[in-house]
Amino acid sequence: MYDDAPGCDGSPGASRPCDYVYDPAQGDPHNGIDPGTAFEDLPEDWICPVCGEPKSEFKKEA
């Protein structure tokens, strides 16, 4: 799973994470991403459905 970047809380420049975690099993139905879609297969312009951070700011969970 992939975790939203530190500094994301729903507004740009904020200091608290929004805690959104992309789960491939669930996908992102609000943005038209089907369940079973791997993070690597998300479109490059995909953004966090909670705060709008770009895909490039997500980090793989350990």
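**View 1. The cysteines C48 and C51, in a structure with zero disulfides.** A search through the whole structure turns up zero disulfides, a disulfide being a pair of cysteine sulfur atoms within 2.5 Å. In general terms, a disulfide is a covalent bond between the sulfur atoms of two cysteines. Why is there no bond at C48? The closest cysteine sulfur, in C51, sits 3.6 Å from the sulfur of C48, and that is too far for a bond. C48 itself is buried, at 3% relative accessibility; buried means under 20% relative accessible area, exposed means over 50%, and partly exposed is what falls in between (1.4 Å probe, protein chains only).

A note for every view: this is a predicted model, where local features need pLDDT of at least 70 and side-chain atom pairs count only at pLDDT 80 or more, while totals for chains, interfaces and linings use all residues. Residues are numbered from 1 along each chain as its sequence is written, and side-chain values use heavy atoms, with hydrogens and water left out.

**View 2. The protein chain, with its three strands.** Look for helices and you'll find zero, alongside three strands. Both kinds of element are DSSP runs numbered from the N terminus: helices are H or I with at least four residues, strands are E with at least two. Starting at the N terminus, the order is β-β-β. The protein chain has 62 residues, and 32% of them count as buried. Take the contacts between residues at least 6 apart in sequence, and 33% of those join residues at least 24 apart; contact here means heavy atoms within 4.5 Å.

**View 3. K60, a residue of strand β3.** K60 is exposed, at 61% relative accessibility. K60 and V21 are 39 residues apart in sequence, and their C-alpha atoms are 9.6 Å apart in space.

**View 4. D28, tucked into the loop between β2 (21–22) and β3 (59–60).** Is D28 buried or exposed? D28 is buried, with a relative accessible area of just 2%. Its side chain makes a polar contact with the side chain of N31, at 2.6 Å. A polar contact is a pair of N or O atoms within 3.5 Å; within protein, one must be able to donate a hydrogen and the other to accept it, and residues adjacent in sequence count only if both atoms are side-chain atoms. Setting aside neighbours within four places in sequence, D28 is in contact with Y20, Y22, I33, W46, I47 and P49. L42 is 14 residues from D28 along the chain, with 9.7 Å between the two C-alpha atoms.

**View 5. T37, another resident of the loop between β2 and β3.** T37 is buried too, with a relative accessible area of 18%. A polar atom of the T37 side chain lies 2.7 Å from the backbone oxygen of D34. Not counting residues up to four places away in sequence, T37 touches Y22, P24 and L42.

**View 6. K55 and E44, partners in a salt bridge.** The structure holds one salt bridge, meaning a side-chain nitrogen of Lys or Arg within 4 Å of a carboxyl oxygen of Asp or Glu. It joins E44 and K55, whose closest N and O atoms are 3.3 Å apart. Both residues lie in the loop between β2 and β3, so the pair ties together parts that are 11 residues apart in sequence. Their surroundings are a contrast: E44 is exposed, with a relative accessible area of 67%, whereas K55 is buried at 8%. The K55 side chain also reaches the backbone oxygen of L42, at 2.8 Å. Leaving out residues up to four places away in sequence, K55 touches F39, E40, L42, P43, E44 and W46.

**View 7. F39 and its aromatic company.** K55 appears again here, lying over the face of F39 at 5.5 Å from the ring centre. A charge sits over a ring if NZ of Lys or CZ of Arg is within 6 Å of the ring centre and within 35 degrees of the ring normal. How many aromatic pairs are there? The count comes to seven, with rings of Phe, Tyr and Trp (its six-membered ring) pairing if their centres lie within 6.5 Å; planes under 30 degrees apart are stacked, over 60 edge-to-face, and the rest tilted. One of the pairs is F39 with W46, an edge-to-face arrangement at 6.2 Å centre to centre and 85 degrees between the planes. Both F39 and W46 are buried. Ring pairs link Y20, Y22, F39, W46 and F58 into a cluster.
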